[in-house]
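Thanks for making time this morning. I would like to walk you through one protein model, starting with a region that a database record names and then moving outwards. Please keep the display open while I talk.

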Amino acid sequence: MSDIQHIFQQFGPNYRALHALPLQQLKVMRSIESCRTSALGAHVDECDQCGHMRISYNSCRNRHCPKCQGLVKERWLEDRRQDLLPVGYFHVVFTVPESLNPIALRNQKEVYSIFFRAASETITELAQDKKYLGAQIGTTIILHTWGQNLMFHPHVHCIVTGGGLSSDGRCWVNSRKKFFIPVKVLAKKFRGKFLAYLKKAFRSNNLLFPGNIEALGSKDRFQALINSLYKTNWVVYCKPPFAGPEQVLQYLGRYTHRVAISDNRIIKVEDGRVTFKWKDYKDKSKFKLMTLDAHEFIRRFLMHVLPHKFVKIRHYGILSNRNRNTKLKICKLLLKVSTSRSKVIDTAVLLLKLTGKDITLCPCCGKGNMIRKMKLEPRN
């Protein structure tokens with residue numbers, strides 16, 4: 001079979017023997033290899049009509065596992081659906097120059113945190129400026145670290161409300177149909193904030209410069225890099241606005257719980273090489289095939305394993321956790337949206353929506369209910 005799990009199962013042991021991997025990467029590999037196998041245990045269900053037995057192996061639930069994202073994503077989207085407002089939404093993407101990638105790869109937690117802080121403050125502060133909107137908006141920011149070819153390409157996707165709550169909290173302020181902050185203004189402010197926080201991290205000795213980037217750890221070389229980055233035009237772009245809240249959900253469903261590469265992009269695994277499909281944005285977004293040595297494929301995948309407990313989806317402004325029950329509620333009242341929150345949807349209902357299959361119904365007779373009978377312990 002051609003999927004991440006089987007690639008790890010086939011080539012992972014040898015890869016681990018040849019490379020000293022961080023604990024987090026080792027855990028991810030082990031989890032994906034064991035997912036939905038007897039190694040994680042299982043449970044047995046029996047039909048109360050015909051006696052049909054079904055064994056269901058447990059999932060690893062690791063956020064980097066392609067097999068485990070569907071149900072988590074659906075639960076998350078159902079929760080987000082209750083926060084949507086009947087307004088336009090914009091999609092803004094922040095990225096950094098490639099010359100920063102070596103530092104970011106070796107200082108992931110520090111640099112990713114700077115990404116979130118710089119992007120959120122840039123959008124929030126400019127939106128509050130009366131020259132652009134003069135209101136407190138809501139922003140959801142999602143971190144991605146990969147390009148289509150699996151190389152390291154950290155960037156954040158921002159979903160921004162097309163308007164916000166006035167400073168006195170008495171009215172909703174609608175934005176213009178086009179994004180209300182000029183892209184060049186966004187890029188310049190984001191660059192300034194990102195580099196300011198990066199310099200602060202350097203002065204506080206929070207950055208590491210191991211191996212072939214050791215020279216960048218000197219004060220002069222680091223300052224020279226910073227100076228060059230101030231002279232570089234940073235890439236920030238705004239995509240056309242979404243047609244409505246439902247389109248926002250569809251988009252979030254594609255982006256929020258992605259892993260570096262999905263199983264359906266892998267074409268074949270043959271002679272120790274992995275062939276996968278990718279989109280070349282530099283060549284009119286054409287789909288192409290790329291073939292890598294299995295060990296190089298694993299190396300690229302593991303570059304995108306996030307630091308332990310690092311939160312890759314964050315909400316700001318009126319969508320933040322501390323404002324959800326206060327300012328967001330006010331916005332809903334102003335926009336005449338229900339403020340009540342629906343109950344948590346049962347797992348079986350979500351799976352029915354996701355797969356079209358009713359797991360409570362017997363697949364053999366089609367009449368009986370599947371009843372949990374026993375638990376199978378993990379196999380050592």
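Over residues 138-324 the chain is 28% helix and 30% strand, and the C-alpha atoms at the two ends of that span are 10 Å apart. Helices here are DSSP runs of H or I with at least four residues, strands are runs of E with at least two, and both are numbered from the N terminus. The span itself comes from UniProt, where an unreviewed entry places the feature "domain: Transposase IS801/IS1294" at residues 138-324; UniProt positions are given in the numbering used here, feature names are shortened, and such annotations may be inferred rather than shown by experiment.

Before going further, I should say that this is a predicted model, in which local features need pLDDT of at least 70 and side-chain atom pairs count only at pLDDT 80 or more, while totals for chains, interfaces and linings use all residues. Residues are numbered from 1 along each chain as its sequence is written, and side-chain values use heavy atoms, with hydrogens and water left out.

The same record places a second feature, "domain: Transposase zinc-binding" (again from an unreviewed entry), at residues 7-96. That span is 41% helix and 20% strand, and its end C-alpha atoms lie 31 Å apart.

Now let us look at one strand and its partners. How many of the ten residues of strand β6 are buried? In β6, which covers residues 152-161, nine of the ten are buried, where buried means under 20% relative accessible area, exposed means over 50%, and partly exposed is in between, using a 1.4 Å probe and protein chains only. Strand β3 (residues 89-95) pairs with β6 in the antiparallel sense over seven bridges, and two strands are said to pair if DSSP finds at least two bridges between them. In that pairing, Thr95 stands opposite His155 of β6. Strand β5 (residues 138-146) is also joined to β6 by seven bridges and runs antiparallel to it, with Leu143 having Val156 as its bridge partner. β5 and β6 form a hairpin with five residues between them, and Leu150 in the turn has a positive phi of about 75°. As background, most residues other than glycine have a negative phi.

Two further residues are worth finding with that background in mind. Lys284, in the loop between β11 (273-280) and β12 (286-293), has a phi near 55°, a positive value in a residue other than glycine, and at 74% relative accessibility Lys284 counts as exposed. Lys336, in the loop between α10 (327-334) and α11 (347-355), has a positive phi of about 60° although it is not a glycine, and Lys336 is exposed, with a relative accessible area of 78%.

Next, please find the loop between α6 (183-203) and α7 (219-230), where Gly211 has its place. Gly211 is exposed, with a relative accessible area of 60%, and its C-alpha atom is separated by 51 Å from that of Val173, although the two are 38 residues apart along the chain. Leu208 lies in the loop between α6 and α7 as well, and Leu208 is exposed, with a relative accessible area of 55%. Leaving aside neighbours within four places in sequence, Leu208 is in contact with Asn107 and Ile213, where contact means heavy atoms within 4.5 Å.

Is Glu33, in helix α2 (residues 23-34), buried or exposed? Glu33 is buried, because its relative accessible area is 13%. Leaving aside neighbours within four places in sequence, Glu33 is in contact with residues including Gln5, Phe8 and Arg16.

Let me finish with the protein as a whole. Its secondary structure comes to eleven helices and 14 strands, and its C-alpha atoms fill a box of roughly 70 × 55 × 40 Å, taken along the principal axes. Of its 380 residues, 47% count as buried. Among the contacts in the protein with a separation of 6 or more, 70% are accounted for by residues 24 or more positions apart. Thank you, and I am glad to take questions.
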